[in-house]
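Me: Could you take a close look at the pockets in this one for me? I'd like to know what lines them and which parts of the chain the lining comes from.

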Amino acid sequence: MSLEVDIRKSFGAFTLDVAFSAGDEALGFLGASGCGKSLTLRCIAGIETPDEGRIVVNGRVFFDSEARVNLTPQQRKTALLFQNYMLFPNLTVAGNVAAGIGRDVPRAERERIVSEELERFGLRGFGQRYPSQLSGGQQQRVALARMLAARPGILMLDEPFSALDAHLKGVLEQNLTSLFDAFGGTVLYVSHDIDEALRFCDRIAVVEAGRILELDTGDDLVNRPQSEAALKLSGCKNATPAERAGEHRVRLPKWGITLATAQPVPDDVRFLGVRAQYVEAADGPGPNCFRVRVDRVSDARFERMALLGFVDREEGSPAVEAALNEMTYLHQHLFWRVAKPAGAAAADLPRRGDELWVRIPADRVYLVTR
């Protein structure tokens, strides 16, 4: 199976302009709300019409602005799972699962397909219930069963876990794995959660402002990001503007420091990233060691996050903004994630007001040019 997309669609100040291809794989779309992820899926499904471009699924042209081809959603036979599942409240579970099966399919075959999908998703015995009689997790399984029953040419899922609690999400992720295994074709998966995308997707597209900034494997996205957007979406808490200060030195104006790097610094470097867990405690001055003040702390079950302000800022660096300008204030600080060892006392962890030394390892930073 294959997918080729090259489309553009404008909404005043916002323009979707994406081009990509996919084969028998799960391709994730990762980005902030409103960046164009869901719009891309809606254009493929035929719910939205691009202004121009071309969409081809498994050799069949769904849309071609030059050739004036624009198949209806029914003709495209795609399966798009929305966040709220979109079940028909007046149909039984069996009726919902059967809803996507073509009318030309004989009754006995329809019943066989419905029974097969109910069995696959652990819904045997629920066929005569209605959606209102089901839990949220059961409703999702009905929606997944309906997707496979339709025998679509492509599967598309738009943040299917956004409304679920953590426990139920973990259980239903296994249902999704069953869905992908049974389908075996092209799957498009929209998410804003990097861990979720990594679990399900063979490759991930980083989307920002209607454009795909990079498209890589999950390993490349996490360990070799190429853009500021990828840094942030991959969970890197510290992403700050950078200026080249030498072959292996980079100046960070918002932090007021200059840092040594193991990798050569590109001439057009724009941002540096370092993950909060890579920051290390230090005994005092040394290479990439800095005196900091703990301005805030927050606790989770197994870690403490400390917000560090650099005490010895370089001459000419802007003064640290007052907390009234929250985002500027945060951008001038370094996030440090400290694990809580079993049995450790609170006094062993960094506390607000502490002055201490930390080290940023030269070989654990990312340098990106866009």
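Reply: Here's a walk through the two pockets, one after the other. Keep in mind that this is a predicted model.

Let's start with the largest pocket, which holds about 810 Å³ of space. Its lining is made up of 24 residues, and the ones closest to the centre are Thr78, Ala99, Gly100, Arg146 and Ala150. If you want to find the walls by element, go to helix 2 (73–76), strand 7 (79–81), helix 3 (93–98) and helix 5 (136–149), since each of these supplies at least two residues of the lining. Strand 7 gives the most, with three residues. As for chemistry, the lining of the largest pocket has 15 nonpolar residues, plus five polar and four charged ones.

Now for the second largest pocket, with about 290 Å³ of space. Here 16 residues do the lining, and closest to the centre you'll find Lys232, Lys237, Ala239, His331 and Phe335. The elements to click on this time are helix 9 (228–233), strand 12 (238–241), helix 10 (326–331) and strand 20 (333–339), each putting at least two residues into the lining of the second largest pocket. Strand 12 is the top contributor there, giving four residues. Sorted by class, the lining of this second largest pocket comes out as eight nonpolar, four polar and four charged residues.

So if you're colouring things in your viewer, strand 7 gives the most to the lining of the largest pocket, and strand 12 gives the most to that of the second largest.

Technical notes
Residues numbered from 1 in each chain as written. Predicted model: local features only at pLDDT ≥ 70, side-chain atom pairs only at ≥ 80, totals over all residues. Heavy atoms only, no water. 1 Å grid on protein atoms, 1.4 Å probe; cavity = no way out; pocket = protein on both sides within 12 Å on 5 of 7 lines; lining within 4 Å. Points joined across faces, edges and corners; volume = space filled by probe spheres on them. Nonpolar A, V, L, I, M, F, W, Y, C, P; charged D, E, K, R; others polar.
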